[in-house]
Amino acid sequence: MQTPSNITLNKDKNLLTLTFDGVDYPLSTEFLRVYSPSAEVVGHGPGQETLQLDKENVKIDRIEPTGNYAVYIFFNDGHDTGIYSWEHLYKLATDKDALWSTYLKRLKEAGHSHSQL
């Protein structure tokens with residue numbers, strides 16, 4: 001299991017930087033929100049995912065550790081049910097470009113707008 005050596009939230013609360021093995025991975029709050037591991041987002045099985053919309057301006061209110069394996073991230077849109085394990089955060093960090101591309105493609109296919117489309 002990869003464990004981050006550092007977690008830093010910027011002053012605007014819209015960018016979380018994780019450090020794994022000496023490499024910094026900046027992740028936008030929007031990216032973290034749309035890839036929340038909560039059942040509200042991923043559902044309870046394959047094909048039950050819910051496309052998250054209008055999250056471009058979401059911010060992080062606070063982050064709380066849970067055990068030695070994860071953090072809770074509390075977003076200002078009220079979302080607070082995802083437990084972000086180190087494993088999940090490492091996957092988000094290292095697969096960010098592919099995951100973000102997939103998200104934007106899903107938005108476009110569903111007929112929704114985004115500033116990056």
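**Entry 1: a term to start with**

Buried means under 20% relative accessible area, exposed means over 50%, and partly exposed lies in between. I apply this to T94 before anything else. T94 has a relative accessible area of 35%, so I write it down as partly exposed. I also note that the model I am reading is predicted.

Where does T94 sit? I find T94 in helix α3. I then looked up its distance to N6. The two residues are 88 apart along the chain. Their C-alpha atoms are separated by 15 Å.

**Entry 2: helix α3**

I stayed with this helix, which covers residues 86–94. Which of its residues are buried? I list W86, H88, L89, L92 and A93. Next I looked down the axis of α3. The buried residues fall within an arc of 160°, so they line one face of the helix.

**Entry 3: the sheet of β1, β2 and β3**

I traced an open sheet of three strands. Their order is β1-β2-β3, and the pairing is antiparallel. Which strands stand at the edges? They are β1 (6–9) and β3. Each has a single partner strand, so one side of each is left without a neighbour in the sheet. I also noted the twist: neighbouring strands here are turned by 20° against each other on average, with direction ignored.

Then I went through the pairs. How many bridges link β1 and β2? I count four bridges, in the antiparallel sense. L9 stands opposite L16 in β2.

Strand β2 runs over residues 15–20, and strand β3 over residues 23–28. Six bridges join these two strands, which run antiparallel. I looked up L15 and found its bridge partner in β3, namely S28.

One reminder for my reading of strands: in a regular strand the side chains alternate between the two faces of the sheet.

**Entry 4: the turn at D21**

I followed the chain from β2 into β3. The two strands form a hairpin, with two residues between them. D21 lies in this loop. Its phi caught my eye. Most residues other than glycine have a negative phi. Phi of D21 is near 50°, a positive value. Is D21 buried or exposed? Its relative accessible area is 61%, so D21 is exposed.

**Entry 5: the sheet of β4, β5 and β6**

I moved on to another open sheet of three strands. The order reads β4-β5-β6, and the pairing is antiparallel. The edge strands are β4 (60–66) and β6, and each pairs on one side only. Neighbouring strands in this sheet are turned by 30° against each other on average, direction ignored.

I checked β4 against strand β5, which spans residues 70–75. They pair in the antiparallel sense over six bridges. E64 stands opposite Y72 in β5. The two strands also form a hairpin, with three residues between them. In that turn, G67 has a positive phi of about 60°.

How many bridges pair β5 with β6? I find three, again in the antiparallel sense. The bridge partner of A70 in β6 is S85.

Why do I call β5 largely enclosed by the rest of the structure? Five of its six residues are buried, so the description fits.

**Entry 6: I83 and a surface patch**

I looked for I83 and found it in strand β6, residues 83–85. Its relative accessibility is 34%, so I83 counts as partly exposed. For a patch, the residues need over 30% relative accessible area. I83 passes that cut-off with its 34%. Which residues make the nonpolar patch? M1, Y69 and I83 make it, and its area is about 330 Å².

**Entry 7: D54**

My last stop was D54. Where is D54? I find it in the loop between α2 (39–42) and β4. Phi of D54 is near 55°, a positive value in a residue other than glycine. Its relative accessible area is 76%, so D54 is exposed.

How values were computed: Residues numbered from 1 in each chain as written. Predicted model: local features only at pLDDT ≥ 70, side-chain atom pairs only at ≥ 80, totals over all residues. Heavy atoms only, no water. Pairing = 2+ DSSP bridges. Patch = residues over 30% accessible without salt bridge, like charges linked within 9 Å, V, L, I, M, F, W, Y side chains within 5 Å. Areas by Shrake-Rupley, 256 points an atom, 1.4 Å probe, with all protein chains shown as cover. Salt bridge = Lys/Arg side-chain N within 4 Å of Asp/Glu carboxyl O. Buried < 20%, exposed > 50% of the residue type's maximum accessible area, 1.4 Å probe, protein only. Arc of directions from axis to C-beta. Axes fitted to C-alpha atoms, helices over the stretch in contact; angles between N-to-C directions.
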